[in-house]
Every structure is written in structure tokens, then in C-alpha cells.
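The following note sets out several points for a colleague who is examining this structure. Each point is a short paragraph and can be checked against the coordinates.

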Amino acid sequence: MVNKKPLPENARCVFKGKIFEVWQWEQKMYDGSVEIFERVKRQNTASVIAVVEDRILMLSQEQPDRRAPFSSLPGGRVNEGEDPLDAAKRELLEETGYVSNDWTLWKEHQPVTKMEWTIYTYIARHCIKKQEPRLDPGERILSRLIDFEEFLLLSENPEFSETELSGVLLRARLDSKAKEALHSLLF
């Protein structure tokens with residue numbers, strides 16, 4: 001669901017941090033009055049459903065700004081000027097040491113209405129281990145392989161950070177046709 005209009009031409013950046021920017025503009029209202037509107041921007045992110053033979057590669061992560069460990073797919077920020085697919089490939093390699101030559105863009109999602117931010121979810125099939133992970137200083141990551149049924153159960157795991165996928169996973173658990181379609185897509 002990529003939905004929003006782009007920022008208007010009269011928008012200006014009023015704050016720029018390491019991750020977030022705040023943009024404001026004057027917006028004419030329906031009654032003719034003018035109000036200040038805002039939108040936050042951040043770098044897009046890419047996440048990867050990495051398939052290794054008949055299993056899916058999951059991460060257990062700790063990061064300094066999070067209170068507790070969490071489960072996630074491999075992925076991270078798309079660097080300035082970087083293609084989302086290239087970011088997905090880089091993040092998979094850095095966080096897990098795995099590579100693939102079989103990539104599909106599965107979903108493009110903007111999860112927050114007042115934010116310019118797209119999450120690109122890729123499927124990487126036939127992943128193979130190329131090297132040991134090369135983690136950023138603020139990451140502690142353990143990789144593990146799970147089967148398809150465990151993957152579907154992530155829909156009820158409050159520690160699973162990919163909330164935009166929970167509905168898809170739950171639907172596959174409850175609807176045999178959706179389950180078969182998702183299984184065929186991944187494997």
C-alpha cells in the first residue's frame with residue numbers, strides 16, 4: 001500500500017536528524033483558512049524473507065535503544081542513492097552472511113500515514129552461506145532457521161518486529177488456500 005501524495009513543492013525541511021526529517025508547509029483548508037501541515041521523512045527500509053532449502057532465516061536481535069530482544073527478518077535502512085534491492089542484498093549479507101541469486105519484490109508498504117517511509121519486503125530463495133556476518137557496532141544478532149509452520153506462528157509473537165506481515169501470516173494460518181499460495185511463493 002503505497003498511498004500518499006509526494007510532499008508539496010512549498011514544503012520545507014524544519015529539522016534534519018540522523019534518521020528523521022520534519023517537513024512543514026502551508027495547506028489551504030476547505031473553508032479557505034490556512035494551516036501548517038507536517039510530515040516526517042526517514043530512509044526507506046528493506047527486509048528479506050530468506051529461504052534456505054526448506055527453511056526461513058530468522059533473526060533474534062538486540063539493539064542499544066530497545067528494551068528487550070526481538071525477532072525480525074534480515075534487513076535495514078536503504079542508504080541515500082541506494083536501490084532497495086541492493087540494500088536488501090547488502091543487509092542479508094552483513095547480518096547473516098547469506099547470499100542469493102533469486103530475488104523477488106513481494107511487498108511495498110508505507111506503514112504510517114504522516115511519514116514518508118516505504119518498507120520493501122523481498123523474498124530471496126536458494127540462499128547460501130558465503131561468509132560470517134559483519135554486524136554494525138549497535139547490533140547483536142543471532143540467526144536461526146525455522147520451518148514454514150514456525151514462520152506462520154510469528155503472527156502471534158509480540159516480539160516479531162515485522163508487524164506489517166502479521167496479517168498475511170495469520171491469514172495463511174486460517175485459510176488453506178492462502179497458506180498454499182504463500183508456501184508456493186516462498187518455496
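**Cysteines, sheet, rings and pocket**

1. C127 is buried, with a relative accessible area of 4%. C13, by contrast, counts as partly exposed at a relative accessibility of 34%. The model is a predicted one, and a search of the whole structure finds zero disulfides in it. For reference, a disulfide is a covalent bond between the sulfur atoms of two cysteines.

2. An open sheet is built from four strands, in the order 1-2-3-10, with mixed pairing. Its edges are strand 1 (12–16) and strand 10 (115–116), each of which pairs on one side only. Strands of a sheet pair through backbone hydrogen bonds, in either the parallel or the antiparallel sense.

3. How many bridges join strand 1 to strand 2? There are four, and these two strands run antiparallel. One of the residues concerned is R12, whose bridge partner in strand 2 is Q24. The connection between strand 1 and strand 2 is a hairpin of three residues.

4. At the other edge, strand 3 (residues 34–42) pairs with strand 10 in the parallel sense, over two bridges. V40 has M115 as its bridge partner in strand 10. The mixed character of the sheet can thus be inspected by setting the parallel pairing of strands 3 and 10 beside the antiparallel pairing of strands 1 and 2.

5. Three aromatic pairs are present in the structure. One of them is formed by W25 and F37, with 6.1 Å from centre to centre and 50 degrees between the planes, and is tilted. W25 belongs to strand 2 (residues 20–28) and F37 to strand 3, so the pair ties together parts that are 12 residues apart in sequence. Is each partner buried or partly exposed? W25 is buried, with a relative accessible area of 6%, whereas F37 is partly exposed, with a value of 27%.

6. A further pair consists of W103 and Y122: the ring centres are 6.2 Å apart and the planes stand at 75 degrees, so the pair is edge-to-face. Because W103 lies in strand 9 (residues 102–109) and Y122 in strand 11 (residues 119–125), the pair ties together parts that are 19 residues apart in sequence. W103 counts as buried at 17% relative accessibility, and Y122 counts as buried at 6%. The cut-off behind both assignments is a relative accessible area under 20%.

7. Two contacts between a charge and a ring also deserve attention. The charged end of R66 sits over the ring of F70, at 3.8 Å from its centre. K107 lies over the face of W106, 4.7 Å from the ring centre.

8. What is the volume of the largest pocket? It is about 940 Å³. The pocket is lined by 33 residues, of which R42, T45, Q63, G75 and G76 are the closest to its centre. Elements that give two or more residues to this lining are strand 4 (45–52), strand 6 (70–72), strand 7 (75–77), helix 1 (84–96) and helix 3 (163–174). Helix 1 contributes the most, with four residues.

Methods. Residues numbered from 1 in each chain as written. Predicted model: local features only at pLDDT ≥ 70, side-chain atom pairs only at ≥ 80, totals over all residues. Heavy atoms only, no water. Pairing = 2+ DSSP bridges. Phe/Tyr/Trp six-rings, centres within 6.5 Å; stacked < 30°, edge-to-face > 60°. Buried < 20%, exposed > 50% of the residue type's maximum accessible area, 1.4 Å probe, protein only. Lys NZ or Arg CZ within 6 Å of the ring centre and 35° of its normal. Disulfide = S-S within 2.5 Å. 1 Å grid on protein atoms, 1.4 Å probe; cavity = no way out; pocket = protein on both sides within 12 Å on 5 of 7 lines; lining within 4 Å. Points joined across faces, edges and corners; volume = space filled by probe spheres on them.
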